[in-house]
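Dear colleague,

I am handing over the structure we spoke about, and below it you will find what turned up when the backbone, the open spaces and one side chain were looked at. Please read the notes with the coordinates open beside them.

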Amino acid sequence: MREFLEIGPRGLELAQRALESGQHRVPRATVQLLAPIADPEKVICVGLNYHDHCQEQGVKVPKEPLIFSKFPSAITGPFDDIVHPQDTSELDWEVELAAVIGKRGRHIEEAAALEHVLGFTVANDVSARDWQMRRNGRQWLLGKTFDTFCPLGPAIVTREAVPDVHNLSIRCSVNGQRMQDSNTRHLIFGVPTLVAWVSRFVTLVPGDILLTGTPAGVGVFQKPPVFLKRGDEVQCEIEELGTICNRVV
């Protein structure tokens with residue numbers, strides 16, 4: 001997929017032509033959907049980026065984007081299992097809008113930032129809260145990057161096909177119970193701001209994944225806290241983008 005994205009607009013034109021031809025189609029039931037991008041160069045994440053998520057934990061709204069990362073090895077498919085590590089007892093969910101970079105850039109101007117975004121997909125920023133909040137010096141990386149901690153999919157929806165990425169319902173359910181229910185209009189820093197900000201520090205390349213943060217309703221801030229256990233089913237959905245559903249094993 002990264003090689004395809006590096007082709008640029010010409011690649012999308014060829015894909016559109018193949019789609020319109022009506023050929024080379026296979027029944028959905030006969031295929032297993034993998035993550036739309038399984039080997040990005042970078043998985044860039046944003047913390048505390050919804051007003052309601054800041055409110056639920058009683059923290060101030062950040063003045064600048066709070067950036068961390070996951071390793072690409074955390075990525076798994078939209079309907080694959082989430083492996084519950086033996087090393088944590090505080091496994092949590094985070095539905096997130098993910099932007100997929102389609103054009104290389106550094107020091108990108110905010111006004112032009114969306115030109116560098118190919119499209120969007122659904123992500124679950126699975127988190128081991130004990131490792132994130134208390135262990136490893138309270139640095140977030142290890143708690144965020146166990147294998148299978150980034151379900152992604154079900155597809156990349158191109159930027160042009162999304163009427164308004166900053167007005168999409170975003171939800172997460174655990175075993176059929178709605179836990180998160182918000183809208184991307186509550187983002188503190190929108191997609192153009194995030195792309196421009198991150199590009200001040202690193203060069204963004206086609207295939208990079210940018211997770212934009214999660215709204216209120218995560219397990220650690222429930223009263224009392226609720227964490228995932230083996231056998232649970234987590235469903236994350238974003239309007240216009242689709243749904244991913246993963247079982248904890």
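His 107 is exposed, with a relative accessible area of 52%, and in this predicted model His 107 sits in the loop that runs between strand E5 (95-101) and E6. The backbone of His 107 has a positive phi of about 55°, although the residue is not a glycine. Glu 240 is another non-glycine residue with a positive phi, here of about 75°, and its place is the loop between E12 and strand E13 (242-247). Glu 240 has a relative accessible area of 42% and therefore counts as partly exposed, since that class lies between the limits of 20% and 50%. As background to these two entries, most residues other than glycine have a negative phi, and most peptide bonds are trans.

Two cis peptide bonds also deserve a look in the backbone. One joins Gly 153 and Pro 154, with omega at about -5°, and Pro 154 belongs to strand E8. Another joins Lys 223 and Pro 224, where omega is again about -5°, but Pro 224 is found in the loop between E11 and strand E12 (233-238).

Next come the open spaces. Rolling a probe the size of a water molecule over the atoms shows where empty space is left. The largest pocket holds about 800 Å³ of space, and its lining is made up of 20 residues, among which Met 1, Ala 15, Leu 19, Ala 155 and Ile 156 lie nearest the centre. Helix H1 (2-7), helix H2 (9-21) and strand E8 (150-158) are the elements that give two or more residues to this lining, and the largest share, six residues, comes from H2. By class, the lining of the largest pocket divides into 14 nonpolar, four polar and two charged residues. Strand E8 thus appears in two of these notes, as a contributor to the lining of the largest pocket and as the strand that holds Pro 154.

The second largest pocket has a volume of about 310 Å³. Its lining has 14 residues, and those nearest the centre are Gly 8, Pro 9, Leu 12, Gly 102 and Glu 115. H1, H2 and strand E6 (117-124) each supply at least two residues of this lining, with H1 giving the most, three residues. In the second largest pocket the lining comprises seven nonpolar, two polar and five charged residues.

What closed space is there, apart from the pockets? The count comes to one cavity of 30 Å³ or more, and the largest cavity contains about 30 Å³ of space. The residues that line the largest cavity are Ile 44, Ile 101, Leu 194, Val 195, Val 198, Leu 204, Asp 208, Ile 209 and Leu 210. Two or more of these lining residues come from each of helix H6 (191-198) and strand E11 (209-211), and H6 gives the most, with three. The lining of the largest cavity divides into eight nonpolar residues, no polar residue and one charged residue.

Which side chain is worth following in detail? My suggestion is Glu 90, whose place is in the loop between strand E3 (75-76) and strand E4 (91-92). Glu 90 counts as buried because its relative accessibility is 14%, and the limit for that class is under 20%. The side chain of Glu 90 makes a polar contact of 3.0 Å with the side chain of Arg 134, and the Glu 90 side chain also reaches the backbone nitrogen of Asp 130 at 3.2 Å. If residues up to four places away in sequence are not counted, Glu 90 touches Ser 127, Ala 128, Arg 129, Asp 130, Arg 134 and Phe 227. For the same stretch of chain, the C-alpha atoms of Glu 90 and Gln 132 are separated by 9.8 Å, with their positions 42 residues apart along the chain.

Finally, an annotation from a record: UniProt, in an unreviewed entry, lists residues 42-249 as "domain: Fumarylacetoacetase-like C-terminal". In the model, the span 42-249 is 12% helix and 33% strand, and its end C-alpha atoms lie 26 Å apart.

With best regards

Conventions: Residues are numbered from 1 along each chain as its sequence is written. This is a predicted model: local features need pLDDT of at least 70, side-chain atom pairs count only at pLDDT 80 or more; totals for chains, interfaces and linings use all residues. Side-chain values use heavy atoms; hydrogens and water are left out. On a 1 Å grid over the protein atoms alone, a cavity is a set of points where a 1.4 Å probe fits but cannot get out, and a pocket is an open set with protein on both sides within 12 Å along at least five of seven lines; lining residues have an atom within 4 Å of a point. Grid points are joined across faces, edges and corners, and a volume is the space filled by probe spheres set on the points. Helices (H or I, at least four residues) and strands (E, at least two) are DSSP runs, numbered from the N terminus. Ala, Val, Leu, Ile, Met, Phe, Trp, Tyr, Cys and Pro count as nonpolar, Asp, Glu, Lys and Arg as charged, and the others, Gly among them, as polar. Buried means under 20% relative accessible area, exposed over 50%, partly exposed in between (1.4 Å probe, protein chains only). Contact means heavy atoms within 4.5 Å. A polar contact is a pair of N or O atoms within 3.5 Å; within protein, one must be able to donate a hydrogen and the other to accept it, and residues adjacent in sequence count only if both atoms are side-chain atoms. UniProt positions are given in the numbering used here, feature names are shortened, and annotations may be inferred rather than shown by experiment.
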